[in-house]
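Work through two short exercises on the model below. Each has a task and a stepwise solution.

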Amino acid sequence: MKIITSQQLPLPGGHYSQGVVSGNLLFISGQLPFNPRSGTFPDGIEAQFMQAMTNVEAVLRAADATMANLVNVQIFISDVEHWSTVNTHYAELLGAHRPARSIIPCGKLHYGALIEITAVAELFSPEQGSLQ
């Protein structure tokens, strides 16, 4: 097991790691839409979705991976009314890449966030090739 920490994000405030590599899988802990510069959430579900995905991407980069490495994404939303907006922006962001995905309306999230995103990515060594 290898711990992954992005220098682009604040250190975890709880007892967890931003990411953990086990075998050839990277498990990314739930990313809230904290803007790492301001320490606050942007306004609205669209901006919070983009910030949370930017935070997921920061953990991916720290493990030398990209969005193309994602194999599973779990998106927790505070209200089912956010589903179509999240789905639209997710499709725009990932394009033709289609990892397994869940959008889970779960009610209230920590700190009043509208969204939290966790993911799993598959990592490859140079001799195994890439996902491109």
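**Exercise 1: a helix pair**

The crossing of helix 1 and helix 2 is right-handed (the near helix is turned clockwise from the far one by less than a right angle). This is a predicted model: local features need pLDDT of at least 70, side-chain atom pairs count only at pLDDT 80 or more, and totals for chains, interfaces and linings use all residues. Residues are numbered from 1 along each chain as its sequence is written, and side-chain values use heavy atoms, without hydrogens and water.

Task: find which residues make the contact (heavy atoms within 4.5 Å) of helix 1 with helix 2.

Solution.
1. Helix 1 supplies I45, E46, F49, M50 and M53.
2. Helix 2 supplies T85, V86, H89, Y90, L93 and L94.
3. By class, the contact has 8 nonpolar, 2 polar and 1 charged residues.

**Exercise 2: the angle**

Task: at what angle do the axes of helix 1 and helix 2 cross?

Solution.
1. Helix 1 spans residues 45-62 and helix 2 residues 83-94.
2. Their axes (lines fitted to C-alpha atoms over the stretch in contact) come within 10 Å.
3. They cross at roughly 40°.
4. Helix 1 and helix 2 are therefore oblique to each other (not under 35, over 145 or 65 to 115 degrees).

Methods
Axes are lines fitted to C-alpha atoms, for helices over the stretch in contact, and angles run from 0 to 180 degrees between N-to-C directions. Helices (H or I, at least four residues) and strands (E, at least two) are DSSP runs, numbered from the N terminus. Ala, Val, Leu, Ile, Met, Phe, Trp, Tyr, Cys and Pro count as nonpolar, Asp, Glu, Lys and Arg as charged, and the others, Gly among them, as polar.
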